[in-house]
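Q: I should like to learn how to read salt bridges, interfaces, backbone outliers and confidence values in a multi-chain model. Could the discussion begin with a pair inside one helix?

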Amino acid sequence: MSNGLAEPVLRLEGLSKNFGSLVVTDNVTLDIVPSELHAIIGPNGAGKTTLINQLSGLITPDAGRIIFAGADVTHLPPNLRALRGLSRSFQITSILSGFSVLENVALAVQARMGSSFRFFGRAAKEKALNDPAMDVLERTGMAHRAHADANALSHGEKRALELAIALAMQPKLLLLDEPMAGIGPEETDKQVELLRALKGQMTMILVEHDMTAVFALADRISVLVRGSIVKTGLPVEVRADPQVVTAYLGEEME
Amino acid sequence: MSFTLLLIQTLNGLQLGVLLFLIAAGLTLVFGVMDFINLAHGVQYMLGAYLAVAFYGIVDNFFIALVLALLASLAFGLLLEFLVFRHLYGRDHLDQLMATFGIILFLNHGVRELWGAAPLSLPVPDALSGAVRLMPGMLYPVWRIVIIAAGFGVAAGLYLLVTYTRIGMLVRAGASNARMVSALGVNIELLFMIVFGFGTMLAGFSGIMIAPILSVEPGMGDNILILAFVVIVIGGIGSIRGAFIAALMIGLVDTLGRSFSVDILRLVMAPSPARMVGPAIASMLIYVLMAVVLYVRPSGLFPARGR
Amino acid sequence: MSGATITASQTVPAPRLAREIIRPALIFIALALVPLLAKLLSAQYLLDLGSRVMIFAVAAVALDLIVGYCGLVSLGHAGFIGLGAYAVGILSAEGFGDALISLPVAVGASMLFALATGLICLRTRGVYFIMITLAFGQMIYFIATSLALYGGDNGLTIASRNTIVGLPLIKTDLALYYMIFLFLLGTYLFCRALVSSRFGRVLRGGKVNAIRISTIGFDIKRYQLVAYVISGGLAGLSGFLLANSTEFVSPAYMSWQRSGELIVMVIFGGVGTLDGAIIGSAAYLLSEAWLSGLIENWKVVFGPILVMVVLFARGGLIGISAKLWRPQS
């Protein structure tokens, strides 16, 4: 599968967003290449989550375009983007409490399969939904907790569930909003391995603070400072760039 | 349809408008700052009227009765806040609906028990009774002018209070984001109590002011409550400015609509169906207005919270 | 990569299933036996009371569908009851006294009204939603008061109950009672199936986390609209039953206080349980009947009872019974 000359999975053209007089996204232009794992890093307050929210459709940009798989999705609602293959995980865990781990993932499977206007039949028992859901849970190492209430999970387990839900949608593009947030070193290693195993199977955008994970996984890195991208390039280039180092004054880059 | 009638009804509409504002102001603040849906606000208005009648029976002076009734209103409101409402902040709106519905039942039938079901009246103070000639051939009751003046006065005072004082700033901040205000170290419980007490006083005040004109009876707060909710929803929850504009709008639309609906309909249909349909359309007018506003602006005209 | 070590379609733990079957079974058995009790005690009013409980239970179950499972608080549901009732009344006045016509019209009209108003209401959230449903309820109320031809403010007496396919099958109170019983049972079973179906799961997910549900790929508003229409139609069914039971319709059936009472019934019993709606209807109407016999001004006592239920009995009556049954849950 050719890389450099292929149509980008995601193209951002001049994306901008202001909250009042505060510029949160400043004329962002970026191409995401198929099958790459593209990391977006930046100091706190750089506007990373706002950018992800615009990509997934929760916030409408003030200017610019978002082109996903060749189609302009700038004004498309989140659910339609999801059905086209754009899936995301949330920085602040956003699972469905009161449902089991299995049901959380099965719902994502159900969305993909269509025909949800069925009024009869117990959805929780449907093999057609549960089997694919269990597959995803096995891949993310959560199968042993399939029937636990999502609320009862540890923080690390919830992050894994977050990822499982996103994967169950069989996305073309997976947006990961700080998947390592708040989890310990052991679980971080597990997540990194999981993501490494997924590399190549789909395109991923990884927003992260954890530099170890970023440099272990990223094919390319974009640096977001105060809403605009100051550098895009290979990890070695980004690491050496003086602008980037300044932006991260005091932060460990190793 | 004479010009005099139009003018009188416009003034009546303004009077209803300021009355609605006085009630809606407390409601929208309580809702905006504490996210608390207070159905019992209407019975607080009713209670103000009843307390005024009761005190008047003792002191025989309108203004003393007014002050006493205001204080009693405030005391009762704070008691309710302490006993019931403060345990409901943060609870589901559903729970708040049921609890305040229970308070409505309790007070509506409580006053019936204490004062009987027959309507009571409160006389206008002598100095402010009678009518004044605004124009040749047009007499307008002095008391209604007093109400309009008092309403605008309170509105101006509230505006100054909310815009230029520290407590007003806290209230505005609280209406926008109560958790943030609490995180900044403000005694949020005290703030809530102040907001609630103030709202109660406003409701009681409007009840006292309207008592000489309307009859004081159990359930008088129910329909005004609905109007007040329509006002705050159109105005935008948490916004005093929104409540003021919406209240005047509703007061005028409702009053003028009721007076002239039949006449306006007669322009397009025969007198008999017009007389039948007119009142119904007049009653529906404000709800249609609310539906239209919410369709275009699902969060009202000037919502305090963003989005 | 199938062949999971844990079977995907494991059955739900037994005790919960028992609760899901035993509790409603008890409710419906009790309801079925009321006419027997009435006969034994020679108390005709028990039959009327039972009918009334079941009629409002249908509406309460319909309301719980959107309140408990979608998180949409409608303060205008009495409007649908009124629509259904007036469908029966108006058709009867015009000479169409058969249920074959009035039932579909009652339910159909309510569903249409729910569709039209739902499209507007669902653009709002939270208290704005509550208020706009109230507004539409008021609109229907005022339209009814202006129907001079059909009684206006005073209401309209219905000549006789609906015939069914031409036969006077529900002329007796006993026959009517069991017809209402069947409709309640049907409504309940339908709603139970609905909430555990694929459709119901989307609704429940949307109530818990609307953003998550939409980023998974569901247009939650569309699902809520369908639920709202179903709920309105079932409330219209309740109105059909009410009109046949009382042989009278009036705008009072759709006042906002009536909508408030419906909400109280749902909360009283336990929101989001469906059983709770039936229990709440019974508890509310039985309290009303019993208390009004004790004290003339019974609402002075009932009001504080409601307040205390909210403060101390979260989850309503079902919540209380669950805590008694399983203290460690």
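A: A:Arg196 and A:Glu193 both lie in helix H6 of chain A (residues 185-198), 3 residues apart, about one turn of the helix. Helices (H or I, at least four residues) and strands (E, at least two) are DSSP runs, numbered from the N terminus. The model is predicted: local features need pLDDT of at least 70 and side-chain atom pairs count only at pLDDT 80 or more, whereas totals for chains, interfaces and linings use all residues. Residues are numbered from 1 along each chain as its sequence is written, chains are lettered from A and ligands numbered from 1 in the order in which they are written, and side-chain values use heavy atoms, with hydrogens and water left out.

Q: What do the side chains of A:Arg196 and A:Glu193 form?

A: Side chains of opposite charge can pair when their charged atoms come close. A salt bridge here is a side-chain nitrogen of Lys or Arg within 4 Å of a carboxyl oxygen of Asp or Glu. A:Arg196 and A:Glu193 meet in such a salt bridge, at 3.4 Å from N to O. A:Arg196 is partly exposed at 39% relative accessibility, and A:Glu193 is partly exposed at 46%. The terms are cut as follows: buried is under 20% relative accessible area, exposed is over 50%, and partly exposed is in between (1.4 Å probe, protein chains only).

Q: Which parts of chain A does the pair A:Arg220 and A:Glu36 tie together?

A: The closest N and O atoms of this salt bridge are 2.9 Å apart. A:Arg220 lies in strand E9 (residues 220-225) and A:Glu36 in the loop between strand E2 (22-32) and strand E3 (37-41), so the pair ties together parts of chain A that are 184 residues apart in sequence. A:Arg220 is partly exposed, at 22%, while A:Glu36 is buried, at 5%. Chain A also holds a network of salt bridges that links A:Glu13, A:Arg65 and A:Asp72. Over all chains, the rule counts 22 salt bridges.

Q: How many salt bridges cross the interface of chain A and chain C?

A: The rule finds 3. One of them joins A:Glu103 and C:Arg201, at 2.8 Å from N to O. Another salt bridge pairs C:Arg198 with A:Glu126, with closest N and O atoms 2.9 Å apart. That pair runs from C:Arg198 in helix H7 of chain C (residues 198-208) to A:Glu126 in the loop between H3 and H4 of chain A. C:Arg198 is buried, at 3%, and A:Glu126 also counts as buried, at 18%.

Q: How is the whole interface of chain A and chain C described?

A: Buried area is the accessible area (1.4 Å probe) that two parts lose on being put together, summed over both. Between chain A and chain C it is about 3700 Å², of which carbon and sulfur atoms give 61%. The contact (heavy atoms within 4.5 Å) takes 47 residues from chain A and 38 residues from chain C.

Q: How many residues from chain C and from chain B make their contact?

A: This contact takes 42 residues from chain C and 45 residues from chain B. Chain C and chain B bury about 3900 Å² between them, 79% of it on carbon and sulfur atoms. The count of salt bridges between chain C and chain B is 0. On the side of chain C that touches chain B, H5(C) gives the most, with 12 residues.

Q: Which sign does phi take at A:Ser115 and B:Asp60?

A: Most residues other than glycine have a negative phi, and most peptide bonds are trans. A:Ser115 has a positive phi of about 45°; A:Ser115 lies in the loop between helix H3 (101-113) and helix H4 (127-139) of chain A and is partly exposed, at 39%. B:Asp60 has a positive phi of about 60°. B:Asp60 is placed in the loop between helix H2 (41-59) and helix H3 (62-83) of chain B and is exposed, at 59%.

Q: Where does pLDDT stay under 50 in chain C?

A: pLDDT is the predictor's confidence in each residue, from 0 to 100. Where pLDDT is low, the predicted coordinates should not be read in detail. In chain C, pLDDT stays under 50 over residues 1-14. Chain C averages 88, and 93% of the residues score at least 70. Chain B averages 86, with 98% of the residues at 70 or more. For the complex, the predictor gives an ipTM of 0.87 and a pTM of 0.89.
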